[in-house]
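Trainee: I am new to this structure and would be grateful for a close look at one helix and its surroundings.

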Amino acid sequence: MQSTKTDPSEHLDVLIIGAGISGLGMCYTLKKQRQNDTFAVIESRDNFGGTWDFFKYPGLRSDSDMYTFAYSFKPWTEREYIGSAERINNYLSELVEDEKLIEYIRFQQRVIKVSWRSEENKWTCTVRKSDGTEYKIYCKFIVSCTGYYNYESGYLPKFEGADNFKGDIIHPQKWPENYSYKDKRIVVIGSGATAVTLVPKLAAESSHVVMLQRSPTYIYNRPSSDGLYRFLSSFMSAKFTNKIMRTKYVLMQQITYFLSKRFPNFMAKIIRKETAIALNDGFDVDTHFKPNYKPWDQRVCMVPDGDLFNCLNGGSASIVTAHIASFTENGVKLKNGEHIDADVIVTATGLDVQLWGGMMVEVDGHNVTPNSLTNYKGMMFSNIPNFLMIFGYTNSSWTLKAELSYQYICRLLNLLDEKQYSSVYPYLEEEQESEGIVDLNSGYVLRAAPRLPKQGLHFPWRNKDFYLKDLLAIKYRDIEDGVLRFDDTEHLAKFHEKAAEKRRNADEANC
Ligand SMILES: Cc1cc2nc3c(=O)[nH]c(=O)nc-3n(C[C@H](O)[C@H](O)[C@H](O)COP(=O)(O)OP(=O)(O)OC[C@H]3O[C@@H](n4cnc5c(N)ncnc54)[C@H](O)[C@@H]3O)c2cc1C
């Protein structure tokens with residue numbers, strides 16, 4: 001993609017960082033609702049789309065329904081309600097083209113540091129271009145749409161003997177383009193959404209695929225298109241069809257999540273029963289599909305038209321639940337003494353969670369680390385002024401929360417204008433008793449927890465990932481809630497100095 005403006009230093013109202021689905025939606029919303037604002041989108045890659053353009057492994061698709069994952073302002077008009085990466089990218093390209101969003105995006109530029117100065121009520125952002133040169137952007141407000149993982153590399157545990165393996169070892173985050181796996185024996189390590197997506201795709205062309213998991217995951221089966229959509233779209237406009245479908249899927253997600261939390265054993269039984277029905281008689285469901293956690297303590301995976309179960313039934317794929325002892329020259333040795341032969345090993349072992357795209361954040365000269373902060377309404381951070389992050393739901397579509405956040409930001413900017421305030425931040429005197437920011441206990445969340453911000457025990461410091469509750473609390477409640485402080489930055493330097501000192505002491509103690 002072509003970069004547009006590259007002013008060596010400039011002043012903007014809002015800087016959006018990242019041109020994934022979150023950044024594009026933010027850009028669209030600002031363009032529509034804040035016509036007098038100046039803003040730009042800085043994107044480190046050479047294309048927009050983020051996750052959906054970046055991952056190249058076969059079969060990449062959403063496992064959310066697209067009625068809620070697509071924006072409310074642009075209906076999803078495909079018959080399938082699960083979006084392939086290609087379809088999602090086409091959908092985003094249409095938005096960029098129709099709304100001329102390309103004019104705002106600067107590709108192959110990375111925001112490496114943002115620094116707030118209370119005296120000026122401004123952020124100074126250091127942007128590095130692909131040729132290594134840097135320039136500054138001064139802005140009033142930052143919206144970080146940088147996603148939640150490190151694009152440089154995924155999570156790869158150390159496997160004993162990995163150097164001895166003679167075939168290819170591939171992490172899905174670095175899938176080689178046009179990689180041929182025809183007639184190869186493949187082992188996919190993992191049982192999360194990526195493994196579940198990959199296995200049926202690979203099974204179609206390879207000699208055989210083994211999905212090798214340490215422990216089982218909840219997996220449920222859904223048809224790939226929805227009868228109600230097919231019926232409504234035959235006579236109704238896309239706009240109204242989508243409204244109805246969106247409502248249906250929001251309610252379904254919320255009810256399922258609520259029931260899973262309230263009656264976990266009952267929901268676990270239902271999922272397992274459905275799995276058993278989808279698999280051949282005699283399949284060992286309890287060994288391979290009975291997780292030792294409750295539904296939605298970790299993400300529940302969805303497979304369209306039972307594709308994973310079909311290839312297990314047909315014999316093109318199999319599943320092994322066991323611990324790895326080591327890689328060997330020609331496969332994987334298990335702790336139970338068995339050996340799985342392989343030509344290719346795919347390490348679908350997860351992501352390396354990272355906030356703010358790895359950029360350095362400073363407030364009044366003090367370096368700020370995410371783990372010294374508490375999250376406010378799932379969007380802002382304790383004592384960080386004029387800074388918002390778009391972070392979607394983990395238990396329903398990401399974009400539902402992203403859209404609530406867009407509306408909130410516009411309301412907040414309107415309020416700042418109306419009352420002629422220059423700065424706003426959620427005030428927190430002391431860190432509260434806290435919990436992890438993400439309500440999941442998946443490996444990638446637990447690994448990152450010490451580096452991430454916390455959440456408090458009560459709203460607005462608590463983010464329960466519940467859309468219908470957020471809808472009321474974020475969309476309709478007054479912005480001025482007694483927690484947000486306006487034009488009152490005196491406390492900031494002190495707070496961050498104290499946090500930095502605490503970190504230094506902890507580091508010294510660790511040494
Ligand atoms: C394989 C996979 C499947 C998923 N499936 C679903 C799903 O079905 N449903 C769902 O709700 N969620 C899903 N998710 C979560 C998914 O990441 C979000 O839904 C959504 O795509 C995130 O969009 P985003 O724009 O916030 O972040 P991203 O897509 O990660 O985009 C962030 C962008 O910011 C850029 N960037 C980062 N740091 C900087 C910087 N410092 N300077 C400049 N640019 C920067 C990146 O290059 C990137 O383009 C999935 C995630 C993965 C990895």
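Which residues are exposed on the other side of α14?

Mentor: The model is a predicted one. On the other side of α14, the exposed residues are E490, K494, E508 and A509. To place them, one may begin with the helix as a whole. Helix α14 runs over residues 490-510, which makes 21 residues. From its first C-alpha to its last it reaches 32 Å, close to the 30 Å expected at 1.5 Å a residue.

The buried residues of α14 are H491, L492, F495, H496, A499 and A500. Seen down the axis of α14, these buried residues fall within an arc of 160 degrees, so they line one face of the helix. Under 20% relative accessible area a residue counts as buried, and over 50% as exposed. The cover over the buried residues of α14 includes four strands: β6 (109-117), β19 (360-363), β20 (366-368) and β24 (424-426). Two of these, β24 and β6, can be followed further.

Strand β24 contains V424. With a relative accessibility of 0%, V424 counts as buried. Leaving aside residues up to four places away in sequence, V424 touches F141, M380, I384, P385, N386, L412, L416, L484, R485 and F486. By contrast with those contacts, Q173 is 37 Å from V424 in space, C-alpha to C-alpha, and 251 residues from V424 in sequence.

Strand β6 leads to the ligand. Along with α1 (21-33), α2 (51-54) and β3 (61-65), β6 supplies at least two residues of the shell around the ligand. In total, 32 residues surround the ligand, and the closest are S22, E43, D63, S64 and Y151. Several polar atoms of the protein may be named here. A polar side-chain atom of S64 is placed 2.6 Å from a nitrogen atom of the ligand. For V111, a polar backbone atom lies 3.0 Å from a nitrogen atom of the ligand. In W398, a backbone N or O atom is 2.8 Å from an oxygen atom of the ligand. On its own the ligand has 980 Å² of accessible area, and the protein covers 96% of this.

Helix α1, another contributor to the shell, may be set beside α14. Its 13 residues reach 18 Å from the first C-alpha to the last, close to the 18 Å expected at 1.5 Å a residue. α1 is mostly covered, with 10 of its 13 residues buried. These buried residues of α1 are I21, S22, G23, L24, G25, M26, C27, Y28, T29 and L30.

Some details of the backbone in the loops complete the account. After β6, in the loop between β6 and β7 (122-129), lies N121. The phi of N121 is near 50 degrees, a positive value in a residue other than glycine. W296, in the loop between α9 (285-288) and β13 (301-304), is not a glycine either, yet has a positive phi of about 70 degrees. W296 is buried, with a relative accessible area of 11%. Finally, the loop between β26 (454-455) and α13 (467-476) holds P460, and the peptide bond from F459 to P460 is cis, with omega near 5 degrees.

Key
Residues numbered from 1 in each chain as written. Predicted model: local features only at pLDDT ≥ 70, side-chain atom pairs only at ≥ 80, totals over all residues. Heavy atoms only, no water. Expected span 1.5 Å × (residues − 1). Buried < 20%, exposed > 50% of the residue type's maximum accessible area, 1.4 Å probe, protein only. Arc of directions from axis to C-beta. Contact = heavy atoms within 4.5 Å. Near = heavy atom within 4 Å. Polar contact = N/O pair within 3.5 Å; in protein donor to acceptor, adjacent residues only side chain to side chain. Areas by Shrake-Rupley, 256 points an atom, 1.4 Å probe, with all protein chains shown as cover.
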